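Q: Please take a close look at how two of the helices pack against each other, and then go on to the ligand site and to any unusual backbone geometry.

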Amino acid sequence: MSDPKSDASDTAVEESQTDAVSRRARGEFVRGVSGFRNVLGEDPDFPAEPDRYHLFVALNCPWCHRVTLARNILGLENCVSMDVAFPNRTLDDDPVASGLWEFNPGRVATLTGTPLPECTMETATGKQFRLAKQIYEAEGSKETSLPILYDKKTKRILSNESAEIIRMLNRQAKPLGSRLSDADRPDLYPMADGDAPVREEIDRLNELIYNKINNGAYKAGFSSRQDVYATAFENYFAMLRTLEELLASDGRPFLVGETFTEADLRLFPTLYRHDPVYYVRMKLNGARIMDYAHLWRWLCRVHALPGVASSNSLVHCRQGYFGRSWNNVVPLGPLHPITYPEAYDHPDLAQT
Ligand SMILES: N[C@@H](CCC(=O)N[C@@H](CS)C(=O)NCC(=O)O)C(=O)O
């Protein structure tokens, strides 16, 4: 079973920033690095307490999707509050700048012709900021990205790195006030000594899936060079085949075995977007996930887990990915054999 190899300095969290400027100039999409990296519950400034922390997210963003999944799956919906930005960034006529995340629940989505009910104002800083950029500026930062984990008590940004936010929410779920008992709450990254092999396998898959699938999709869809796109395309589908073989090897329900872990949580946002969005938007039209029998059944299995369906919004994904660069006209397919997200209730549609 061949695993596509990662480039030396890419990690499971971020890609190499080596020559980032010249690589971008040569048409390669290179994702930046998050600057806020405090540790909840370990950093004395940020003790784990109920009703103190807040998430700023956009539901079309796959990195934010990791965080909304963790919040719901860990039973933190009532003790970690959340605001939702509009899925399209600000437009050219914006008084501040275009391309920024905006908290504007009145904004109309071209896909539905109405405002989106999930969108909120900014409710955590006490300043009702319109832009995520302003939350960063309040701390002297020039960053603009989502997700953000925010401390409502000290009015400070704790973290803006989704890989670390999900790990911290998992580790501190109980002191944060999770509504789930220890027995009912999944452990996304088990820390007992005996679990070292599980952690190693989660880390190994995280790095491959981040570079070849999660961020790989952007390398394919946002690069402006045929060769960069072609390499990302090949790596993406080679990794899907590897995951299909892994699941087929012994019929395991989840990537690392019998239990749902962080590796599954981090793969889900990309595969959830593949057939209805990335197939067109990221030019990843080599196959649908439905064409991989074990991966399709895995996707439907995760979609059916408690807390998952309420963490997703395909309307926000469609609206967000097909915004400005697609004349705000959102493709309505696929319709065959069934519409999405309804298709995720049908593991039987797996193309064997
Ligand atoms: N490494 C960060 C990446 C976050 C990220 O790149 N988010 C995108 C949205 S999908 C973003 O906000 N990009 C910068 C911007 O648009 O201002 C994480 O995983 O949290």
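A: For the packing described here, an axis is a line fitted to C-alpha atoms, taken for helices over the stretch in contact, and the angle between two axes runs from 0 to 180 degrees between their N-to-C directions. The model is a predicted one, and every value below is computed from it.

In this model, helix H8, which spans residues 226–250, packs with helix H10, residues 293–303, at an angle of about 80°, and the axes of H8 and H10 are 8 Å apart. Because angles of 65 to 115 degrees count as roughly perpendicular, H8 is roughly perpendicular to H10. On the side of H8, the contact is made by Leu240, Leu243, Glu244, Leu247 and Ala248, while H10 contributes Ala293, His294, Leu295 and Trp298. Sorted by character, the residues of this contact comprise seven nonpolar, one polar and one charged.

Turning to the ligand, there are 13 residues around it, of which Arg31, Thr144, Leu146, Glu161 and Ser162 come nearest. Two of these nearest residues also have a polar side-chain atom paired with the ligand: an N or O atom in the side chain of Thr144 is 2.5 Å from an oxygen atom of the ligand, and a polar side-chain atom of Ser162 lies 2.6 Å from a ligand oxygen atom. For Arg89, a polar side-chain atom lies 3.1 Å from an oxygen atom of the ligand. The ligand on its own has 500 Å² of accessible area, and the protein covers 86% of that area.

The backbone geometry is worth a separate look. Most residues other than glycine have a negative phi, and most peptide bonds are trans. Against that background, the peptide bond from Gly333 to Pro334 is cis, with omega near -10°, and Pro334 is placed in the segment after helix H11, residues 314–321. Tyr340 and Pro341 are likewise joined by a cis peptide bond, for which omega is about 10°, and Pro341 is also found in the segment after H11. A departure in phi occurs at Asp51, which is not a glycine and yet has a positive phi of about 60°; Asp51 sits in the loop between helix H1, residues 20–25, and strand S1, residues 53–57.

How values were computed. Residues numbered from 1 in each chain as written. Predicted model: local features only at pLDDT ≥ 70, side-chain atom pairs only at ≥ 80, totals over all residues. Heavy atoms only, no water. Helix = DSSP H or I, 4+ residues; strand = E, 2+ residues; numbered from the N terminus. Parallel < 35°, antiparallel > 145°, perpendicular 65-115°, else oblique. Contact = heavy atoms within 4.5 Å. Nonpolar A, V, L, I, M, F, W, Y, C, P; charged D, E, K, R; others polar. Near = heavy atom within 4 Å. Polar contact = N/O pair within 3.5 Å; in protein donor to acceptor, adjacent residues only side chain to side chain. Areas by Shrake-Rupley, 256 points an atom, 1.4 Å probe, with all protein chains shown as cover.
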